Amino acid sequence: MRAIITGASRGLGLALATGLAEQGWSLVVDARSPADLASAAEWIGGDVTALPGDIRDPAHRAALAEAAGDVDLLVNNAGILGPSPRPRLADYPVDVLRDVYEVNVFAPLALTRLLLPTLRARDGAVVNVTSDAAVEGYEGWGGYGSAKAALEQASNVLAAEEPGLRVWWVDPGDLRTRMHQEAFPGEDISDRPLPETVVPAFVKLVTERPPSGRVRL
């Protein structure tokens, strides 16, 4: 079995990649920092191909698809929070909001579309990492939350249009990651669980392959 996991140099992406590698999956992983990705690949171990690059770049997405070949699973994990501290929507710079949507919505959709022929042929699956901010109206979360809401609805429609695939939009909950720390600058987030705690539920998801839908890990 072969998977692509984006944003795999740290946090949730690294935890998920490590969990799948331990189950014998072959992996293609990416991140923007070559040094961080190289360290992550060494940590992950097993059959892992590391391709540094920006998921917004069409050439990088094409390289991921070529490296993966016969891919069975795509995990769209790469994402950005946006400004920190988080601005109210009334004060959100529109050009920055466009960038948040570019990374969190358009890039994963473009990569998914690129891989659809292979995923269809292999009865594959797509995991789009989302957040409770996509469904709840939290103050200060308008940029990130609305982008994740768009990703959720795109996932929902993709599931309806591609009944031969499994499409899951997966909410991992609040985790102790760098992005979550950026969302709460200066605050202690040590009470949040580590990303590794959701790996068993994730492995169970991709192994048992329940129907497409929203999943809370």
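So, helix H4 bends by about 55° at Leu115, and there's a proline, Pro117, following within four residues. Keep in mind that this is a predicted model. H4 runs over residues 94-121, which is 28 residues. From its first C-alpha to its last it reaches 40 Å, close to the 40 Å you'd expect at 1.5 Å a residue.

Now, which residues of H4 are buried? Quite a list: Val100, Val103, Asn104, Val105, Ala107, Pro108, Leu111, Thr112, Leu115, Leu116 and Leu119. If you look at that numbering, remember the usual helix rule: an α-helix has 3.6 residues a turn, so residues three or four places apart point the same way. As for partners, the buried residues of H4 pack against strands S1, S4 and S5, plus helices H3 (58-68) and H5 (142-161).

OK, on to the cores. The largest nonpolar core has 32 residues, and Leu20, Leu27 and Leu73 have the most contacts inside it. Several elements each put in at least two residues: strands S1 (2-5), S2 (26-31), S4 (73-76), S5 (125-129) and S6 (166-171), and helices H1 (11-22), H2 (34-44) and H7 (199-208). Which one gives the most? That's H1, with seven residues.

Take Leu73 and click on it, if you have the model open. Ignoring neighbours within four places in sequence, Leu73 is in contact with Arg2, Ala3, Ile4, Leu20, Trp25, Leu119, Ala125, Val127 and Val206. There's also a second, separate core, 19 residues, and that one includes Ile4, Ile55, Leu111 and Leu115. So the bend residue of H4, Leu115, turns up in that second core.

Next, empty space. Searching the whole structure gives two cavities of 30 Å³ or more, and the largest has a volume of about 60 Å³. What lines the largest cavity? Asn76, Pro108, Leu109, Thr112, Asn128, Leu151, Ala154, Ser155 and Leu158. H4 and H5 each supply at least two of those lining residues, with H5 giving the largest share, four. Two of the H4 names, Pro108 and Thr112, you've already heard in the buried list.

Let me say a bit about Met179. This residue sits in helix H6, residues 178-183. Buried or exposed? Neither, really: Met179 has a relative accessible area of 22%, and anything from 20% to 50% is in between, so this residue is partly exposed. Leaving out residues up to four places away, Met179 touches Arg10, Gly79, Ile80, Leu81 and Tyr144. Gly79 is 100 residues away along the chain, yet the two C-alpha atoms are separated by 9.1 Å.

Last, some backbone oddities. The Ser84 to Pro85 peptide bond is cis, with omega near 0°, and Pro85 is in the loop between S4 and H4. At the other end of H4, just after the helix, Asp123 takes a positive phi of about 50°. Asp123 isn't a glycine, of course; this residue belongs to the loop between H4 and S5, and counts as partly exposed at 49% relative accessibility.

Where's Arg209? In the loop between H7 and strand S7 (213-216). Arg209 has a positive phi too, near 55°, and counts as partly exposed, at 27% relative accessibility.

Methods
Residues are numbered from 1 along each chain as its sequence is written. This is a predicted model: local features need pLDDT of at least 70, side-chain atom pairs count only at pLDDT 80 or more; totals for chains, interfaces and linings use all residues. Side-chain values use heavy atoms; hydrogens and water are left out. A nonpolar core is a set of buried Ala, Val, Leu, Ile, Met, Phe, Trp, Tyr and Cys residues joined through side-chain atoms within 4.5 Å. Buried means under 20% relative accessible area, exposed over 50%, partly exposed in between (1.4 Å probe, protein chains only). Contact means heavy atoms within 4.5 Å. The expected span of a helix is 1.5 Å times one less than its number of residues. The bend at a residue is the angle between axes fitted to the seven residues ending there and the seven starting there. On a 1 Å grid over the protein atoms alone, a cavity is a set of points where a 1.4 Å probe fits but cannot get out, and a pocket is an open set with protein on both sides within 12 Å along at least five of seven lines; lining residues have an atom within 4 Å of a point. Grid points are joined across faces, edges and corners, and a volume is the space filled by probe spheres set on the points.
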